[in-house]
Amino acid sequence: MVYKMTEEERRDLLDKIGSYKKEFEGRLSPLDPLDPERPAVFISVGGGELGDLAVTAAKGQYGGAGGGVRTVAFDRYNGFPAQDAADASEVFDMKNGDLLERYIKKYVPDPSKPHAIYMEVEMIDTHRAYKLGMDEGYKVMSTPYGPLVCMDRHATKLMFDRLRLERADWAYANNDKEVHRIAKDFGLPVIVKPVMTSSGHGTSIVKTGKELEEAYAHAVEHARGVGDEVVVERFLPGLKTMGTEITQIVVRHFNEHGKIVNSFVPPIEHRRPGATYHESWLPSAISEGAAERCKADAGRIADFMGGIGVYAVEQFVLGDEVYNNEVANRPHDTGMVTRWMLNMDEGALQLTSTLGLQINPFHLEIARQDVYGVAHVVLAPLEIKKEVKVLGWNASKLNHFQTKGVRGDFWYFGKPTAYAGRRMGMAAAFQPDLEKARRNAEIIAHLAEGCIEYGGRV
Ligand SMILES: Nc1ncnc2c1ncn2[C@@H]1O[C@H](COP(=O)(O)OP(=O)(O)OP(=O)(O)O)[C@@H](O)[C@H]1O
Ligand SMILES: [Mg+2]
């Protein structure tokens with residue numbers, strides 16, 4: 001369930017973050033030592049590929065329940081990627097706040113015992129998560145109040161302004177007339193976005209005045225039922241041609257002195273031909289100056305929000321200029337490249353930091369030297385109508401990419417069903433030359449797409 005906020009309520013929320021942070025951080029403590037007799041419980045609310053990274057890390061790095069970390073994963077369908085890796089799982093509609101609360105309490109009856117709750121998906125009852133975290137002492141990470149700001153584009157922009165962070169010029173509008181006025185002030189093109197969405201749903205780039213009304217109606221229609229408000233931004237025309245996009249991941253965690261500190265993943269670069277995540281790589285090819293800006297800005301956002309865990313800040317980079325765009329208080333799609341390119345991937349970083357374990361600088365170093373590592377999405381065919389069964393995939397056929405001299409890898413998620421464009425896996429390729437690495441990742445991705453077999457309708 002989502003609630004519409006007024007501008008005043010948003011400002012009021014931002015005014016309160018400082019005291020929320022103090023109260024919430026005051027309840028957090030380092031987890032030392034891990035105790036197999038009384039394992040800490042890590043709940044992934046959402047068990048897709050990002051949840052899977054965190055849950056598998058509990059086994060791969062900490063010995064699972066026997067090592068002192070018991071994992072639980074929730075999702076809305078059976079056979080979800082993290083389900084088989086987790087010690088326990090539940091299948092239910094996570095948008096239902098009552099069910100969410102009931103299942104969290106089933107696994108963590110006493111919130112004073114070690115646990116962490118990772119909100120892997122956005123589409124949950126954010127107010128219930130807030131209540132569990134702030135009123136009942138549950139460790140909803142990175143913070144229980146973060147989604148109220150981060151999932152609301154207007155609140156996020158107000159936060160950028162409060163922190164005096166660079167961003168594309170923006171304004172909000174409640175009707176056609178206001179959209180026209182803002183477009184006149186900024187000059188066309190502008191980009192019109194719903195207050196609350198992801199994956200480009202409801203967003204339009206508007207080049208002529210005639211299209212403004214349609215863009216406004218389109219945004220309101222996709223706004224997850226949060227009213228008539230849209231955000232209008234000055235479009236940065238150079239972004240696609242001369243600029244690039246970055247996800248700056250910040251990990252807030254306890255250090256060896258029991259203090260909460262920020263550590264930074266090197267900036268992750270990504271490109272998107274369409275509206276959704278397509279490819280990302282490490283290291284980025286941006287200037288040192290821009291990389292410093294990305295880190296500094298993201299660090300200030302993480303300090304403002306507080307808590308412990310992963311923050312992912314989306315930024316647009318043009319030369320040395322950095323424009324902050326969005327913030328996720330959780331791991332990020334583009335960060336999946338960390339599975340190959342960092343000593344600890346973003347899921348393991350989320351697990352480790354949110355449980356109160358330490359992150360050391362080695363974890364955040366690039367694992368493969370002298371190459372670019374590019375991750376590329378592997379999608380179900382766009383021609384699929386409705387939902388179909390996934391029959392399996394042919395691993396030996398996929399390995400033919402090696403005979404083409406391509407160095408790379410494939411991560412198959414194992415989802416039981418597919419719909420048009422559903423993400424089924426990730427391809428990765430490694431080369432000293434970035435463009436070659438990008439081409440090779442695409443070769444593996446397209447080969448992989450041909451190796452997955454689909455059956456009849458579900
Ligand atoms: N002001 C802008 N100028 C130029 N390009 C923009 C601007 N805003 C957004 N874009 C482009 O559109 C993409 C999606 O925008 P944004 O991240 O704000 O929306 P979203 O729906 O939340 O997408 P996602 O959930 O995939 O991150 C950006 O990654 C960027 O490529
Ligand atoms: Mg985005």
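**Notebook: strand 13, cysteines, ligand 1, a pocket and two helices**

I started at E279, which lies in strand 13 (residues 279–282). Strands here are DSSP runs of E with at least two residues, helices are runs of H or I with at least four, and both are numbered from the N terminus. This is a predicted model, where local features need pLDDT of at least 70, side-chain atom pairs count only at pLDDT 80 or more, and totals for chains, interfaces and linings use all residues. Residues are numbered from 1 along each chain as its sequence is written, chains are lettered from A and ligands numbered from 1 in the order in which they are written, and side-chain values use heavy atoms, with hydrogens and water left out.

I checked the accessibility of E279. E279 counts as buried, at 6% relative accessibility. Buried means under 20% relative accessible area, exposed over 50%, and partly exposed in between, with a 1.4 Å probe and protein chains only. I also took a distance from E279 to T403, 124 residues apart along the chain. Their C-alpha atoms are separated by 23 Å.

**Cysteines**

I looked for disulfides (pairs of cysteine sulfur atoms within 2.5 Å). The structure holds zero. Why is C150 not bonded to C294? Their sulfurs are 17 Å apart, too far for a bond, although C294 has the closest cysteine sulfur to that of C150. C294 is in no disulfide either. C150 is buried, with a relative accessible area of 11%. C294 is buried at 0%.

**Ligand 1**

I listed the residues near ligand 1, meaning those with a heavy atom within 4 Å of it. There are 21 around the ligand, and K193, S199, G200, E245 and E326 come nearest. Next I looked at polar contacts, pairs of N or O atoms within 3.5 Å; within protein, one must be able to donate a hydrogen and the other to accept it, and residues adjacent in sequence count only if both atoms are side-chain atoms. A polar backbone atom of S199 is 2.7 Å from an oxygen atom of ligand 1. E326 uses a polar side-chain atom, 2.8 Å from an oxygen atom of the ligand. L236 places a backbone N or O atom 2.8 Å from a ligand nitrogen atom.

**Second largest pocket**

I looked up the lining of the second largest pocket. Its residues are T276, H278, H376, V377, L379, A380, P381, L382, H446 and E449. Strand 16 (372–379) and helix 15 (434–451) each supply at least two of them. Which element gives the most to the lining? Strand 16 does, with three residues.

**Helix 7**

I went through helix 7 (residues 153–162) for burial. Eight of its 10 residues are buried, so the helix is mostly covered. The buried ones are R153, H154, A155, T156, K157, L158, M159 and F160. At the start of the helix, a side-chain oxygen of D152 reaches to within 3.1 Å of the backbone nitrogen of H154. Just after the helix, R164 takes a positive phi of about 55°.

**T338**

My last entry is T338, placed in helix 12 (residues 338–341). Is T338 buried or exposed? T338 is buried, with a relative accessible area of 0%. A polar atom of the T338 side chain lies 3.0 Å from the backbone nitrogen of E346.

Terms used. On a 1 Å grid over the protein atoms alone, a cavity is a set of points where a 1.4 Å probe fits but cannot get out, and a pocket is an open set with protein on both sides within 12 Å along at least five of seven lines; lining residues have an atom within 4 Å of a point.
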